[in-house]
Amino acid sequence: MNTASASLLIEMDLARTVVAICETQSFTRAAERIGRTPSAVSIQVKKLESLLGRELFQRQGRAVLPTPDGDVLLGYCRRMLQVNAEAVAHFLTPAVEGRVVFGAPDDIGHIAIPQILQRFAMTHPQVEIDVRLRTSEELRRMCDAGKLDLAVLSCRDYGARKVEIIHTEQLVWAGLRYGMAVEKEPLPLALSRTGCAWRQIAVQALEKAGRRFRIAYSSEHSQAQIAAVLADLAVAPLPESHVKPPLRRLGAAEGLPPLRRYEVALMKRDGAGEAVEALARTVIDSFADASIMEPNLEGAT
């Protein structure tokens, strides 16, 4: 490495900006996430492109996407931020030990939980996590029975227990791009089983609109519902963040009623200990990252 290249350093602020832009696909949303103005983000990008001598982002419609060089840089930036977090946590995070029984709905669990556990392990490696994936209704009952220390729920009935809303998102109709399932009568649906907030919202909206439908596929896992949509066998109610190519958003043009927002809540056991509180903070911080709820559609056609 020559002296000139060794003196060129990518600051952590620039690394955070690169990750935020790639995950939000927008200078404006990236600016909101990192607490800067869109013009400041634009200046940071120009500074970084000048530093590296490469174009890092390009616009495609309304989205801001990384170039091939931007994709490579994204990987480095994520590693930089991860190593930085590990270094700080090693010296500043108090040693916490214990065991936490943590519950999450199947649809959320298979997407978000791996990222949450990875983040938590960086700062609290001595804590044992016992994960239970159930429906939100089952998790609420387990909380009431004292069988869970912490749970993420996506139902609207929390009983008398106090919860903290940690995520809210618009629910939309999703179909396969150029697909024909939406034109069938009655409308074929891919839904979760009874007790899912997404299912309840979709069924109530269709019944109110007088649109005939049939439940063609049901599963506890949103990936299975997405698979039915990708096969053009049904349409499904999904969070807006899930609808990426080759899926497309459906609506009034296809005769479908609008859907409302849904929410994700965090429920803690009364008298939770330090390990539970630490995991709760990680869960809240993780859901503040919009990308945590995005499913992996890589390889889908």
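Let's start in helix 2, where L14, A15, T17, V18, V19, A20, I21, C22, E23 and T24 are buried. This is a predicted model, so keep that in mind as we go. Ten of the 13 residues of helix 2 are buried, so the rest of the structure largely encloses this helix. Its length works out too: helix 2 covers residues 12-24, and at 1.5 Å a residue it should span 18 Å, which agrees with the 18 Å between its end C-alpha atoms. Right after the helix comes Q25, with a positive phi of about 55 degrees.

One of those buried helix residues carries a charge, so what does E23 pair with? Its side chain meets that of R33 in a salt bridge, at 2.5 Å from N to O. E23 sits in helix 2 and R33 in helix 3 (residues 27-34), so the pair ties together parts that are ten residues apart in sequence. The two partners are not covered to an equal degree: E23 has 14% relative accessibility and so counts as buried, while R33, at 31%, counts as partly exposed.

Now step back and take in the whole protein. It has ten helices and eleven strands. There are 301 residues, and 46% of them count as buried. Among contacts with a separation of 6 or more, 76% are between residues 24 or more positions apart. As for the outside, the accessible surface comes to about 15,600 Å², and carbon and sulfur atoms account for 51% of that.

What about the inside? The largest nonpolar core has 54 residues, and the ones that touch the most other members are V152, W173, V283 and F287. Pick out V283 and look around it: setting aside neighbours within four places in sequence, V283 is in contact with F102, I116, L150, V152, I166 and L266. Apart from this core lies another one, of 20 residues, including L14, A30, L48 and F57. You have met L14 already, as one of the buried residues of helix 2.

Next, find strand 7, residues 187-191. Five of its five residues are buried, so this strand is largely enclosed by the rest of the structure. Which way do its side chains point? L187, L189 and L191 go one way, P188 and A190 go the other, and all are buried. In a regular strand, side chains alternate between the two faces of the sheet. Strand 7 also has a partner: five bridges join it to strand 8 (residues 213-218), and the two run parallel. To see the pairing up close, look at A190, which stands opposite Y217 in strand 8.

Finally, back to the charges. Side chains of opposite charge can pair when their charged atoms come close. How many salt bridges does the whole structure have? A search finds 17. In one of them, R249 joins E240, with their closest N and O atoms 2.8 Å apart. R249 counts as partly exposed at 47% relative accessibility, and E240 is partly exposed as well, at 39%. Another links the side chains of K268 and E277, at 2.9 Å from N to O. Here K268 is partly exposed at 31%, and E277 is partly exposed with a relative accessible area of 27%. There is also a network of salt bridges, which links R99, E128, D130 and R132.

Notes
Residues are numbered from 1 along each chain as its sequence is written. This is a predicted model: local features need pLDDT of at least 70, side-chain atom pairs count only at pLDDT 80 or more; totals for chains, interfaces and linings use all residues. Side-chain values use heavy atoms; hydrogens and water are left out. A nonpolar core is a set of buried Ala, Val, Leu, Ile, Met, Phe, Trp, Tyr and Cys residues joined through side-chain atoms within 4.5 Å. Buried means under 20% relative accessible area, exposed over 50%, partly exposed in between (1.4 Å probe, protein chains only). Contact means heavy atoms within 4.5 Å. Helices (H or I, at least four residues) and strands (E, at least two) are DSSP runs, numbered from the N terminus. The expected span of a helix is 1.5 Å times one less than its number of residues. A salt bridge is a side-chain nitrogen of Lys or Arg within 4 Å of a carboxyl oxygen of Asp or Glu. Accessible areas come from the Shrake-Rupley method with a 1.4 Å probe; for residues, only the protein chains shown count as cover. Two strands pair if DSSP finds at least two bridges between them.
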